Amino acid sequence: MRREGSAGTQQHRHQEPLRTEFEFELPRGFVDETGTVHRGGAMRLATARDELLPLRDIRVRENPAYLSVVLLGRVITRLGTLPSVHDGTVENMFASDLAFLQDFYRQINAEGHTRAAVACPHCEESFEVELAGSRLGES
């Protein structure tokens with residue numbers, strides 16, 4: 001007897017590969033020590049280890065709000081032409097960029113996607129917008 005959803009049936013389905021890295025563009029941009037502005041970057045999905053290790057960090061123990069700085073420093077894989085990104089980089093970002101990255105982290109890790117359902121305020125038509133890599137004010 002063959003059941004629906006068996007391994008044989010599932011092998012014939014086309015599955016998209018799991019997307020683990022997402023592009024973004026900072027609203028203001030990180031300004032490095034030479035004055036270069038870095039706006040485009042990428043963030044990978046967080047692992048359990050990424051979320052657990054910062055809890056041992058003394059800075060996080062003393063100030064729980066620092067958790068997002070340490071966490072973002074672990075999951076941002078690229079920012080402009082910087083050779084590396086770490087918690088010190090995130091510490092020196094503008095508050096608006098930090099807020100953007102915190103929201104972006106939640107979108108790709110909690111909801112699992114970077115699309116949002118919205119409705120036009122004028123005609124009330126519903127549609128989806130891509131949030132990853134978009135600039136403020138663009139649809």
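The legends below describe an overview and several close-up views of a predicted model of one protein.

**Figure 1. Overview of the predicted model and its confidence**. The protein contains six helices and five strands, which follow one another from the N terminus in the order α-β-β-α-α-α-β-α-α-β-β. Of its 139 residues, 32% count as buried, and the exposed surface amounts to about 9600 Å², with carbon and sulfur atoms supplying 51% of that area. Among the contacts with a separation of 6 or more, 51% are accounted for by residues 24 or more positions apart. The mean pLDDT is 84, and 76% of the residues reach 70 or more. Over residues 133–139, however, the pLDDT is below 50, and this stretch has eight contacts in the model beyond near neighbours in sequence. Where pLDDT is low, the predicted coordinates should not be read in detail.

**Figure 2. The largest nonpolar core, with I76 and its partners**. This core comprises 24 residues, of which F24, L26, M43, L72, I76, L79 and L101 touch the most other members. Two or more residues each come from β1 (21–31), α4 (67–75), β3 (76–79) and α6 (95–111), and α6 gives the most, with six residues. When residues up to four places away in sequence are not counted, I76 touches F24, A42, M43, V85, V90 and L101.

**Figure 3. Helix α4 and its covered residues**. Helix α4 is mostly covered, seven of its nine residues being buried. These buried residues are S68, V69, V70, L71, L72, G73 and V75. L72 is also one of the residues that touch the most other members of the largest nonpolar core, to which α4 gives two or more residues.

**Figure 4. Surroundings of D50 in helix α2**. D50 is placed in helix α2, which spans residues 48–52, and D50 counts as buried because its relative accessibility is 2%, below the 20% cut-off. The D50 side chain reaches the backbone nitrogen of T47 at 2.9 Å. With neighbours within four places in sequence left aside, D50 is in contact with R44, L45, L71, R74 and V75; of these partners, L71 and V75 are among the buried residues of α4.

**Figure 5. Surroundings of D32 in the loop between β1 and β2**. D32 lies in the loop that joins β1 to β2 (37–44), and with a relative accessibility of 14% this residue counts as buried. The side chain of D32 reaches the backbone nitrogen of T36 at 2.9 Å. Apart from its neighbours within four places in sequence, D32 is in contact with H38 and L82. D32 and T89, although 57 residues apart in sequence, are separated by 8.7 Å in space, taken from C-alpha to C-alpha.

**Figure 6. The aromatic cluster of F24, F100 and F104**. A search of the whole structure finds three aromatic pairs. One of them is formed by F100 and F104, whose rings are stacked, with 6.0 Å from centre to centre and 10 degrees between the planes. Both residues lie in helix α6, four residues apart, or about one turn of the helix. F100 counts as buried at 17% relative accessibility, and F104 is likewise buried, with a relative accessible area of 1%. Ring pairs link F24, F100 and F104 into a cluster; F24 is also one of the residues in contact with I76.

How values were computed:
Residues are numbered from 1 along each chain as its sequence is written. This is a predicted model: local features need pLDDT of at least 70, side-chain atom pairs count only at pLDDT 80 or more; totals for chains, interfaces and linings use all residues. Side-chain values use heavy atoms; hydrogens and water are left out. pLDDT is the predictor's confidence in each residue, from 0 to 100. Contact means heavy atoms within 4.5 Å. A nonpolar core is a set of buried Ala, Val, Leu, Ile, Met, Phe, Trp, Tyr and Cys residues joined through side-chain atoms within 4.5 Å. Buried means under 20% relative accessible area, exposed over 50%, partly exposed in between (1.4 Å probe, protein chains only). A polar contact is a pair of N or O atoms within 3.5 Å; within protein, one must be able to donate a hydrogen and the other to accept it, and residues adjacent in sequence count only if both atoms are side-chain atoms. Accessible areas come from the Shrake-Rupley method with a 1.4 Å probe; for residues, only the protein chains shown count as cover. Rings of Phe, Tyr and Trp (its six-membered ring) pair if their centres lie within 6.5 Å; planes under 30 degrees apart count as stacked, over 60 as edge-to-face and the rest as tilted.
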